[in-house]
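User: Could you take a close look at one part of this model for me? I'd like to start with the cysteines and then follow the side-chain contacts and pockets from there.

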Amino acid sequence: MRPAGILESALYVDDLEAAEAFYGGLLGLERIAKDEGRHVFFRCGRGVVLLFDAAATEIPRAPGAGLPVPPHGAHGPGHLCFSASAVEIERWKAHLEAAGVAIEADFEWPQGGRSIYFRDPGGNSLEFAEPRIWGL
């Protein structure tokens, strides 16, 4: 057996409002859930991007207070890569730069395909890349 794909990816942030504005506003992702002070979730293609307040997810929820999801979390910047065509990457680069988001790297991979890297307000490393960088 093997998993069919990744359903959700999580990043941890210190400022949920800034993260919501960035992912929902600048990146245009559809918000599908929000728990004030704890998390905000966005649909991205066939998957979901989970943004958690890093400190809040370490605290176990009180018994009977919603779903029994165990505490979890991470510290420090994470990474997430969004799939995009070469044309879309060029458009994303212009869109991000126009919004004042610095592009940290922009290059062609030796096996083919382009990536651009940038940061969200929480310092997470984000990337737009052509799927062919992984032979997809």
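How many disulfides does the structure hold? Please tell me where Cys 44 and Cys 81 stand in that respect, and carry on from there.

Analyst: Happy to. A word on the basis first: this is a predicted model, in which local features need pLDDT of at least 70 and side-chain atom pairs count only at pLDDT 80 or more, while totals for chains, interfaces and linings use all residues. Numbering runs from 1 along each chain as its sequence is written, and side-chain values use heavy atoms, with hydrogens and water left out.

The structure holds zero disulfides, a disulfide being a pair of cysteine sulfur atoms within 2.5 Å. Cys 44 is in none, and the nearest cysteine sulfur, which belongs to Cys 81, is 10 Å away. Cys 81 is likewise in no disulfide, and its nearest cysteine sulfur is that of Cys 44. For accessibility, buried means under 20% relative accessible area, exposed over 50%, and partly exposed in between, using a 1.4 Å probe and protein chains only. Cys 44, at 26%, counts as partly exposed, and Cys 81 falls in that class with 35%.

Cys 81 also leads us to the largest pocket, where it is among the residues closest to the centre, together with Ile 6, Ser 9, Phe 82 and Ser 83. Pockets are found on a 1 Å grid over the protein atoms alone: a pocket is an open set of points where a 1.4 Å probe fits, with protein on both sides within 12 Å along at least five of seven lines, and lining residues have an atom within 4 Å of a point. Grid points are joined across faces, edges and corners, and the volume is the space filled by probe spheres set on them. For the largest pocket that gives about 740 Å³, with 25 lining residues.

Strands E1 (8-13), E4 (47-53), E5 (79-83) and E8 (125-129) each supply at least two residues of this lining; E5 gives the most, with five. Strands (E, at least two residues) and helices (H or I, at least four) are DSSP runs numbered from the N terminus. By type, the lining divides into 15 nonpolar, six polar and four charged residues. Here Ala, Val, Leu, Ile, Met, Phe, Trp, Tyr, Cys and Pro count as nonpolar, Asp, Glu, Lys and Arg as charged, and the others, Gly among them, as polar.

The second largest pocket holds about 230 Å³. Among its lining residues are Glu 8, Arg 38, His 39, Phe 41 and Arg 61. Strand E3 (39-44) and E4 each contribute at least two residues, and the lining comprises five nonpolar, two polar and three charged residues.

Phe 82 opens the next topic, as it belongs to one aromatic cluster with Phe 22, Tyr 23, Phe 42, Trp 92, Phe 118 and Phe 128. Rings of Phe, Tyr and Trp (its six-membered ring) pair if their centres lie within 6.5 Å, with planes under 30 degrees apart called stacked, over 60 edge-to-face and the rest tilted. Ten aromatic pairs result. One of them is the stacked pair of Phe 107 and Tyr 117, at 5.9 Å centre to centre and 10° between the planes. Phe 107 lies in strand E6 and Tyr 117 in strand E7, so this pair ties together parts ten residues apart in sequence. Tyr 117 is buried at 17%, whereas Phe 107 is partly exposed at 30%.

Last come the salt bridges, nine in count, each a side-chain nitrogen of Lys or Arg within 4 Å of a carboxyl oxygen of Asp or Glu. Glu 20 and Lys 34 meet in one of these, at 2.6 Å from N to O. Glu 20 sits in helix H1 (residues 16-26) and Lys 34 in strand E2 (residues 30-35), so the bridge ties together parts 14 residues apart in sequence. Glu 20 is buried at 17%, while Lys 34 is partly exposed at 38%. Both belong to a salt-bridge network with Arg 31 and Glu 36.

Glu 104 and Arg 119 form another bridge, with their closest N and O atoms 3.1 Å apart. Glu 104 is in the loop between helix H2 (86-98) and strand E6 (105-108), and Arg 119 is in strand E7 (residues 114-119), so parts 15 residues apart in sequence are tied together. Arg 114 bridges to Asp 106 at 2.8 Å; Arg 114 is buried at 11%, and Asp 106 is partly exposed at 31%.
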